[in-house]
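Please open the structure in your viewer and keep the sequence panel visible. The tour below proceeds by selections, each followed by a description of what is found there.

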Amino acid sequence: MIRLGREALVLAALLALTAGFVDAVGFLQLGGFFLSFMSGNTTRLGVALGSGLWVSAGFAALLIGLFVVGVVVASLIPEPAPWRRSALLVGVAALLGLAAVFSDQSSWLAAGFAAAAMGALNIVFERDGDIAFGVTYMTGGLARMGIRIASMIKGGPRWAFVPYLLLWLAMACGAILGCITQALLAGAAFWIAAGVCTGLAGLAGLLSSRDRAAQR
């Protein structure tokens, strides 16, 4: 269940918007592969293997593997550290910057950096060794939203589905912006996502400072 304050929910929505943006840019740059949606890449992997398309299969496997590497490396940052979210977002921004740098030279290398960044992005809301909710994929969130709507129909909390709807809308809007921006800037669009993550690192630091002050 998502239980976030208003400001933390805004941060989560902005992260989902960024993920949608990056995924759309990557999808268009790579001809149908994903940078944050690993279920889609898993399907691409299976279809490629079944069709004997070994290069496509290798690329899908590479993206999946680097996404997981991003999660692993990000998870090694000590969880209790008050600067953890800010450090994670600075790291994500750096990886997206590298994706922008290499976008004109090697689409594979740029995609690898971006996929690792999207994996790390999910750790921003890690709690007790588990991801409270994903900000780069929405299937589980949509299922939970449906459950909350059913609960509301049966007399449960009226607005419990709204956070999940907000995150889904944020990702969809990010994808629209990513599509438009990629048409104008191609791989350089990753610079915009890197800049957004840098700004969100400051917001995350501010939220952490407020949380510590409230606990005193």
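What follows is a sequence of selections in a predicted model.

**First stop: H1 against H7**

Select helix H1, residues 6-30, together with helix H7, residues 162-185. Two packed helices are described by the angle between their axes and the distance between the axes. Here the axes of H1 and H7 come within 6 Å and cross at roughly 35°, and the crossing is right-handed. Display the side chains along this contact: on H1, the participating residues include Leu9, Ala13, Leu17, Phe21, Val25 and Gln29. On the H7 side, the residues that meet H1 include Pro163, Leu167, Met171, Gly174, Gly178 and Gln182.

**Second stop: Gln182**

Remain on H7 and centre the view on Gln182, which lies in this helix. Is Gln182 buried or exposed? Gln182 counts as buried because its relative accessibility is 15%, and the cut-off for that class is under 20%. Leaving aside residues up to four places away in sequence, Gln182 touches Val25, Leu28, Gln29 and Ala189.

**Third stop: H6 against H7**

Now add helix H6, residues 139-153, to the selection. The axes of H6 and H7 come within 8 Å, with a crossing angle of roughly 145°. This crossing is left-handed. Gly141, Leu142, Arg144, Met145 and Arg148 of H6 meet three residues of H7, namely Tyr164, Leu165 and Trp168.

**Fourth stop: the nonpolar patch**

Switch to a surface display and select Ile176, Ile180, Leu184, Leu185, Ile192 and Val196, which together make a nonpolar surface patch of about 560 Å². Which helices supply at least two residues each to the patch? They are H7 and helix H8, the latter spanning residues 189-215. H7 gives the most, with four residues. Next, pick out Val196, which is found in H8. Val196 is classed as partly exposed because its relative accessible area is 36%, a value in the class between the 20% and 50% cut-offs.

**Fifth stop: Trp191**

Finally, stay on H8 and select Trp191, which has its place in this helix. Add Gly97 to the selection: the two residues are 94 residues apart along the chain, yet their C-alpha atoms are separated by 5.7 Å. With residues up to four places away in sequence set aside, Trp191 touches Gly97, Ala100 and Val101. Displaying these residues together completes the tour.

Definitions and conventions. Residues numbered from 1 in each chain as written. Predicted model: local features only at pLDDT ≥ 70, side-chain atom pairs only at ≥ 80, totals over all residues. Heavy atoms only, no water. Patch = residues over 30% accessible without salt bridge, like charges linked within 9 Å, V, L, I, M, F, W, Y side chains within 5 Å. Areas by Shrake-Rupley, 256 points an atom, 1.4 Å probe, with all protein chains shown as cover. Salt bridge = Lys/Arg side-chain N within 4 Å of Asp/Glu carboxyl O. Buried < 20%, exposed > 50% of the residue type's maximum accessible area, 1.4 Å probe, protein only. Axes fitted to C-alpha atoms, helices over the stretch in contact; angles between N-to-C directions. Left-handed = near helix turned anticlockwise from the far one by under 90°. Contact = heavy atoms within 4.5 Å.
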